[in-house]
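Q: Please take a close look at how the helices pack against one another in this model, and then follow one strand and its neighbours. I would like a connected account that I can read beside the structure.

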Amino acid sequence: MDIEDSSKKKSMRNVLEKYERCGLKHKNDKLAVYMVEICNLKFYSYVFGYEESYILFKSIFKRIKEKLQEKFYIFEFMNCRFVILAANLNSNDIDKMKKDISDICEEKFYIKNREATVHLKIGISLYPDDSNNLLEVLRYSDVALSYAKENNKMKYQFFQKFMYNEILRKQIVINEIGNALKKKELILFYQPQINLKNMEVYGFEALIRWKHPKRGILSPMFFIDIIEENGMINDVGKFVVYEACRQLQQWHNLGYPNICMSINISESQIDGEEFLDFVKVVLNKTGVETKFLIFEITERIVIGLDEKKLKLIEKLKDMGIRIFIDDFGTKYSNLDYLNAMPVDGIKIDKSFIDKLENSQKDLMITKSVVKLAHELKLEVIAEGVEDQKQLKCLLNMKCSKIQGFIFEKPIPPNEVCKFMTNFKA
């Protein structure tokens, strides 16, 4: 959400002007501000047209106006939303109002004589508790609404200060990361993968980092969600594929000819033939043999693959690139899909590795996953291994390929050859 959006600011000011034109003063009042969005109204506008969807909006607006108490004022806002300002409510009143608004979802509405289901989300902020500036309080209700919308199970969300700070942080990152690729601030680190059968480094996973000019090396946790939201993920993904392949070929030329490279691929990257063509160009430029490449896609993506993406993955496999499922185990109930999917291996999610010592359930799940993978002739890598007890558990399961801090954290490319030399020794 862009908190500096001019049209949104204008709409907020219009709400305040309407409120004041009602002859109301807010200086000495306590106000609860409810920002309410009809989340599925756009769907109805696409299906039935904007005029019909606006009639539905007015019906919901009217129903809420009739339902609530006299101590409130309701105004149309923008983007399928309206704002409710309620004066001098106690905490019980505030809770009752949010329930009354939410209960509208259970009532019947119609559009062109067809029943329409209504999904509402509510952001709530308080004046002067959250701010003594009512325009800011309106903005805070918008921020709270954005958090409610991110959680499917949450119908409403009260504003908390950290939410605004998080949005400010995101906005700063969006502004700064826009030119990070051009400035060559995005770089790759590499985490070794070890085969315990022969105690050799058999590969590395390429992991993106941001070499920020002021904050130093930043992990993707700081920015990956933002580049996915603003559409940079495809450009960044192409950079990762090319740079990882270039680096891999360099290692091969330096005397490490059997090292493999694992590269994370986002869902949006495998959305068309363009990615396939790009990979062919990269292979041609770098000279890397496909048998040394592993593309990792998350389990969530694999389970939701449509026919188009499935065909693309099959074409990548036909080229000789191996496909691994990353973060495996988070959808354990759906293990049957493994037999039908065109994959070569799995990486057991770190959340299971962390609990091996203390959770019998997670231990049994991990054992079952390793056994099933072996029966299906799939490779298995355990990621996030940090201590000897975890390592021993995995060895007892016959899981021999390991990645984690127990051997090495992700390191810059100039440290990789030194690591391999020392590890072999």
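**Helix packing and one strand**

A: In this predicted model, helix α2 (residues 41–48) packs with helix α3 (residues 50–67) at an angle of about 145 degrees, their axes lying 7 Å apart. The crossing in which α2 passes α3 is right-handed. On the α2 side the contact is made by L41, Y44, S45, Y46 and F48, which meet Y50, E52, S53, L56 and F57 of α3. Sorted by class, the contact of α2 with α3 comprises 7 nonpolar, 2 polar and 1 charged residues.

A second helix pair can be described in the same terms. Helix α5 (residues 134–150) and helix α6 (residues 161–177) pack at about 85 degrees, with 10 Å between their axes, which makes α5 roughly perpendicular to α6. Here R139, Y140, V143, A144, S146, Y147 and E150 of α5 meet K161, F162, M163, Y164, E166, I167 and K170 of α6. The residues of this contact of α5 with α6 divide into 8 nonpolar, 1 polar and 5 charged.

Turning to the strand, β14 (residues 345–348) is covered on both faces, since G345 and K347 on one side and I346 and I348 on the other are all buried. In a regular strand, side chains alternate between the two faces of the sheet. Strand β13 (residues 322–328) pairs with β14 in the parallel sense over 3 bridges, and F328 stands opposite I348 of β14. Strand β14 is also joined by 4 bridges to strand β15 (residues 379–383), with the two running parallel, and the bridge partner of I346 in β15 is V380.

Definitions and conventions: Residues numbered from 1 in each chain as written. Predicted model: local features only at pLDDT ≥ 70, side-chain atom pairs only at ≥ 80, totals over all residues. Heavy atoms only, no water. Axes fitted to C-alpha atoms, helices over the stretch in contact; angles between N-to-C directions. Parallel < 35°, antiparallel > 145°, perpendicular 65-115°, else oblique. Contact = heavy atoms within 4.5 Å. Nonpolar A, V, L, I, M, F, W, Y, C, P; charged D, E, K, R; others polar. Buried < 20%, exposed > 50% of the residue type's maximum accessible area, 1.4 Å probe, protein only. Pairing = 2+ DSSP bridges. Left-handed = near helix turned anticlockwise from the far one by under 90°.
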